[in-house]
Amino acid sequence: MGSKRLGLARLEALMENLKRELAMAGATWKGARRPVVNLTDAAGAGAIRSAITVAESGTIFTVPELTSGAQTITLPALSADSVGCTYTFVMLDTADQVFTVLGADSDKILAVKPKGDGDNTAISQGYDSIGFKAAAVVGSSFTVTCITTTAGTGWLATDVIDGLAANVGSIDLA
């Protein structure tokens with residue numbers, strides 16, 4: 001058999017048609033790491049940085065002590081590309097100012113926060129934002145995952161950890 005040359009266009013077409021699933025069958029994935037982005041205090045009210053992108057899915061965002069004014073960050077707009085994207089936010093100090101994660105446009109975040117006795121503060125519902133109150137302490141955290149392109153139920157907050165005693169006072173839902 002001689003060698004057979006394959007043109008670039010044909011190779012691209014073959015690659016695009018490959019199944020993009022990997023069946024692990026109980027295998028262990030080693031060496032994988034999640035990216036960590038250390039947010040920087042904006043030293044004033046407003047956006048702490050530009051909106052989060054779909055490409056940043058899986059990122060852990062660490063939030064420093066905030067020196068002045070309520071600071072925000074915005075999730076990606078709901079789309080087929082954002083479904084499955086997940087982001088985690090962790091307080092690294094006492095917040096001292098409010099930090100808020102906003103849904104883009106009118107996108108809601110389904111959430112509930114614990115009140116420390118095994119119960120929740122209210123029923124789960126769609127909120128415009130989730131974040132840390134000024135009293136939030138080191139270790140307070142939460143994760144948000146895009147679960148649908150429907151604005152009223154687009155994001156789901158999980159792993160909500162209030163670092164204060166009795167689990168009250170760190171997490172803000174609005």
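This tour moves through a predicted model, from the whole chain to selected strands, rings and residues.

**Whole chain**

Begin with the entire protein chain displayed as a C-alpha trace. Along its principal axes, the trace spans about 75 × 35 × 35 Å. The radius of gyration is 20 Å, well over the 16 Å that the globule rule gives for 174 residues, so the chain is more spread out than a compact globule.

Next, colour by secondary structure. The protein chain contains 1 helix and 12 strands, and the order along the sequence is α-β-β-β-β-β-β-β-β-β-β-β-β. Switching to a surface representation shows an exposed area of about 10000 Å², of which carbon and sulfur atoms supply 55%. Of the 174 residues, 32% count as buried. In a contact map restricted to separations of 6 or more, residues 24 or more positions apart account for 71% of the contacts.

**The parallel pairings of β3**

Select strand β1 (residues 36-38) together with β3 (residues 60-63). These two strands pair in the parallel sense over 3 bridges, and valine 36 of the selection stands opposite isoleucine 60 in β3. Then add β5 (residues 86-91). β3 and β5 also pair in the parallel sense, here over 4 bridges. To locate one of these positions, pick threonine 62, whose bridge partner in β5 is valine 90.

**The open sheet of five strands**

Now select β2, β4, β6, β9 and β12, which form an open sheet in the order β2-β4-β6-β9-β12 with mixed pairing. Its edge strands are β2 (46-47) and β12, each pairing on one side only. At the β2 end, β2 and β4 pair in the parallel sense over 2 bridges.

Within that pairing, which residue of β4 stands opposite glycine 46? The residue is glutamine 71, located in strand β4 (residues 71-74). Is glutamine 71 buried or exposed? Its relative accessibility is 0%, under the 20% limit, so glutamine 71 counts as buried. Show the atoms around glutamine 71: leaving out residues up to four places away in sequence, its contacts are Asp41, Ala42, Ala43, Gly44, Gly46, Ile48, Leu66, Val98, Phe99 and Thr100.

**Phenylalanine 99 and the nonpolar core**

From glutamine 71, step to its contact phenylalanine 99. Apart from neighbours within four places in sequence, phenylalanine 99 is in contact with Leu39, Ile48, Val63, Leu66, Gln71, Ile73, Phe89, Ile130, Gly131 and Phe132.

Phenylalanine 99 also belongs to the largest nonpolar core, a set of 30 residues; those with the most contacts inside it are Tyr87, Phe89, Phe99, Ile130, Phe132, Phe142 and Val144. To see where this core draws its members, highlight β3, β5, β6 (99-102), β7 (109-111), β9 (129-132), β10 (141-146), β11 and β12 (171-173), each of which supplies at least two residues.

**The aromatic rings**

Hide everything except the aromatic side chains. A search of the whole structure finds 7 aromatic pairs. One of them joins phenylalanine 61 and tyrosine 87, with 6.4 Å centre to centre and 45 degrees between the planes, a tilted arrangement. This pair links distant parts of the chain, from phenylalanine 61 in strand β3 to tyrosine 87 in strand β5, 26 residues apart. Phenylalanine 61 has 0% relative accessibility and counts as buried; tyrosine 87 likewise is buried at 0%.

Keep tyrosine 87 selected and add tryptophan 155. Their ring centres are 6.1 Å apart and their planes lie at 45 degrees, so this pair too is tilted. Tyrosine 87 lies in strand β5 and tryptophan 155 in strand β11 (residues 155-161), so the pair ties together parts that are 68 residues apart in sequence. Both residues are buried.

Complete the selection with Phe61, Tyr87, Phe89, Phe99, Phe132, Phe142 and Trp155, which form one aromatic cluster.

**Last stop: alanine 95**

Finally, centre on alanine 95, in the loop between β5 and β6. Is this loop residue buried or exposed? Alanine 95 is buried, with a relative accessible area of 0%. Its contacts, not counting residues up to four places away in sequence, are Glu65, Leu66, Lys133, Ala134 and Ala136. To close, draw a distance from its C-alpha atom to that of glycine 7, 88 residues away along the chain: the separation is 57 Å.

Definitions and conventions:
Residues numbered from 1 in each chain as written. Predicted model: local features only at pLDDT ≥ 70, side-chain atom pairs only at ≥ 80, totals over all residues. Heavy atoms only, no water. Buried < 20%, exposed > 50% of the residue type's maximum accessible area, 1.4 Å probe, protein only. Contact = heavy atoms within 4.5 Å. Phe/Tyr/Trp six-rings, centres within 6.5 Å; stacked < 30°, edge-to-face > 60°. Core = buried A, V, L, I, M, F, W, Y, C linked by side-chain atoms within 4.5 Å. Rg over C-alpha atoms; globule rule 2.2 N^0.38 Å. Areas by Shrake-Rupley, 256 points an atom, 1.4 Å probe, with all protein chains shown as cover. Pairing = 2+ DSSP bridges.
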